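Here are some exercises to work through with the model open beside you. Try each task before you read its solution.

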Amino acid sequence: MGPDAEEYWTTAQAAAALGVSPSTISTWRTRGYMDPVEGSPPRRPIYRRADVVQAEKAAYQAALRTSGSAKRTSRAALAG
């Protein structure tokens with residue numbers, strides 16, 4: 001938790017929390033789905049938890065749009 005009561009994650013923490021690889025988190029940043037917290041070190045970026053969760057949703061929606069699949073379901077529904 002930061003001084004502003006928000007939760008912050010490193011790349012590794014975000015990846016572990018979402019069950020993806022750290023390179024996926026970096027890809028989301030490169031594709032513009034999220035930005036690191038201003039002032040975080042370039043080699044060890046820090047992200048707001050809410051931004052990471054929103055980036056996952058945006059990446060998932062983009063994958064659905066480009067997959068050609070007519071199936072529209074959420075990961076939460078798949079998880080059970």
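The exercises below go from the chain as a whole to its salt bridges and its core.

This is a predicted model, in which local features need pLDDT of at least 70 and side-chain atom pairs count only at pLDDT 80 or more, while totals for chains, interfaces and linings use all residues. Residues are numbered from 1 along each chain as its sequence is written, and side-chain values use heavy atoms, with hydrogens and water left out.

**Exercise 1. Lay out the secondary structure and the surface of the chain.**

Step 1. Take helices (H or I, at least four residues) and strands (E, at least two) as DSSP runs, numbered from the N terminus. The chain then has four helices and two strands.

Step 2. Read them from the N terminus on: the order is β-α-α-β-α-α.

Step 3. Turn to burial, where buried means under 20% relative accessible area, exposed over 50%, and partly exposed in between (1.4 Å probe, protein chains only). By this scale, 25% of the 80 residues are buried.

Step 4. Add up the accessible area, using the Shrake-Rupley method with a 1.4 Å probe, where for residues only the protein chains shown count as cover. The chain exposes about 5500 Å², and carbon and sulfur atoms supply 52% of that area.

Step 5. Look at contacts (heavy atoms within 4.5 Å). Of those between residues at least 6 apart in sequence, 43% join residues at least 24 apart.

**Exercise 2. Find the salt bridges and work out which parts of the chain they link.**

Step 1. Search for a side-chain nitrogen of Lys or Arg within 4 Å of a carboxyl oxygen of Asp or Glu. The search gives three salt bridges.

Step 2. Start with E6 and R48, whose closest N and O atoms are 3.6 Å apart. E6 lies in the segment before β1 (8–10) and R48 in strand β2 (residues 46–48), so this pair ties together parts 42 residues apart in sequence. E6 is partly exposed at 30% relative accessibility, and R48 is partly exposed at 27%.

Step 3. Go on to E7 and R49, which form a salt bridge at 3.8 Å, N to O. Here the segment before β1, holding E7, is linked to helix α3 (residues 49–67), holding R49, and the two residues are 42 apart. E7 is partly exposed at 33%, as is R49 at 38%.

Step 4. Finish with D51 and R48, at 3.7 Å, N to O. D51 has a relative accessible area of 28% and is partly exposed. Shared partners join E6, R48 and D51 into one network.

**Exercise 3. List the largest nonpolar core and describe the surroundings of I25.**

Step 1. Collect buried Ala, Val, Leu, Ile, Met, Phe, Trp, Tyr and Cys residues joined through side-chain atoms within 4.5 Å. The largest such core has eleven residues: W9, A14, A15, L18, I25, W28, M34, Y47, V52, A55 and A59.

Step 2. Sort them by element: α1 (11–18), α2 (22–30) and α3 each give two or more residues to this core.

Step 3. Leave out residues up to four places away in sequence, and I25 touches T11, A14, A15, L18, V20, M34, Y47 and V52.
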